[in-house]
Amino acid sequence: MSLKHQHAPELETEEVVKKPPMYRVILLNDDFTPQDFVVDLLRQVFSMPLPLATKVMLQVHHSGSCVCGVYTYEIARIKVDQVQALAQQHDHPLRCVMRED
Ligand code: TYC
């Protein structure tokens with residue numbers, strides 16, 4: 001085959017490998033869940049260091065919601081389930097949702 005009909009290898013790779021859809025995991029505010037509980041949860045579930053967990057909690061508290069991370073579907077689902085399980089275990093109404101990015 002002549003050279004001009006061949007694809008560059010990097011272009012072929014781009015055509016074949018599709019990026020998976022990504023999902024934002026969003027924490028929602030409420031009037032009852034204690035702030036300390038939310039900070040601990042953000043550290044535990046999202047591996048955030050204390051200063052970032054505090055910042056994210058305050059962002060949710062003041063603006064109503066905040067994105068905690070962006071993941072593939074399965075990982076996002078696990079994070080949402082972990083947040084909801086922890087909230088239920090402690091009888092807090094904390095809510096967390098996932099939305100396609
Ligand atoms: N608003 C809550 C309070 O004042 C704190 C809170 C922060 C609750 C973040 C939920 O996702 C949340 N105790």
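Which atom of the ligand lies 2.7 Å from a backbone N or O atom of D30? In this predicted model, the partner of that D30 backbone atom is a nitrogen atom of the ligand.

**Contacts with the ligand**

The table sets the contact of D30 beside those of L28 and H61, with the distance given for each pair of atoms.

| Residue | Atom of the protein | Atom of the ligand | Distance |
|---|---|---|---|
| L28 | backbone N or O | oxygen | 2.8 Å |
| D30 | backbone N or O | nitrogen | 2.7 Å |
| H61 | polar side-chain atom | nitrogen | 2.9 Å |

On its own the ligand has 340 Å² of accessible area, and the protein covers 90% of this area. The place where the ligand sits is the largest pocket.

**The shell around the ligand**

Around the ligand stand L27, L28, N29, D30, T33, Q35, V38, M57, V60, H61 and L94. When the residues of this shell are divided by character, six are nonpolar, four are polar and one is charged. At least two residues of the shell come from each of β1 (22–28), α2 (35–46) and α3 (50–63), and it is α3 that gives the most, with three residues.

**Salt bridges**

Side chains of opposite charge can pair when their charged atoms come close. The structure holds two salt bridges, and in one of them the side chains of R24 and D101 meet at 3.0 Å, counted from N to O. This pair links distant parts of the chain, since R24 belongs to strand β1 while D101 lies in the segment after β3 (95–100), and the two residues are 77 residues apart. Strand β1 therefore appears in both parts of this account, for β1 also supplies at least two residues of the shell around the ligand.

Definitions and conventions
Residues numbered from 1 in each chain as written. Predicted model: local features only at pLDDT ≥ 70, side-chain atom pairs only at ≥ 80, totals over all residues. Heavy atoms only, no water. Near = heavy atom within 4 Å. Polar contact = N/O pair within 3.5 Å; in protein donor to acceptor, adjacent residues only side chain to side chain. Areas by Shrake-Rupley, 256 points an atom, 1.4 Å probe, with all protein chains shown as cover. 1 Å grid on protein atoms, 1.4 Å probe; cavity = no way out; pocket = protein on both sides within 12 Å on 5 of 7 lines; lining within 4 Å. Sits in = over half its atoms within 2 Å of the grid points. Helix = DSSP H or I, 4+ residues; strand = E, 2+ residues; numbered from the N terminus. Nonpolar A, V, L, I, M, F, W, Y, C, P; charged D, E, K, R; others polar. Salt bridge = Lys/Arg side-chain N within 4 Å of Asp/Glu carboxyl O.
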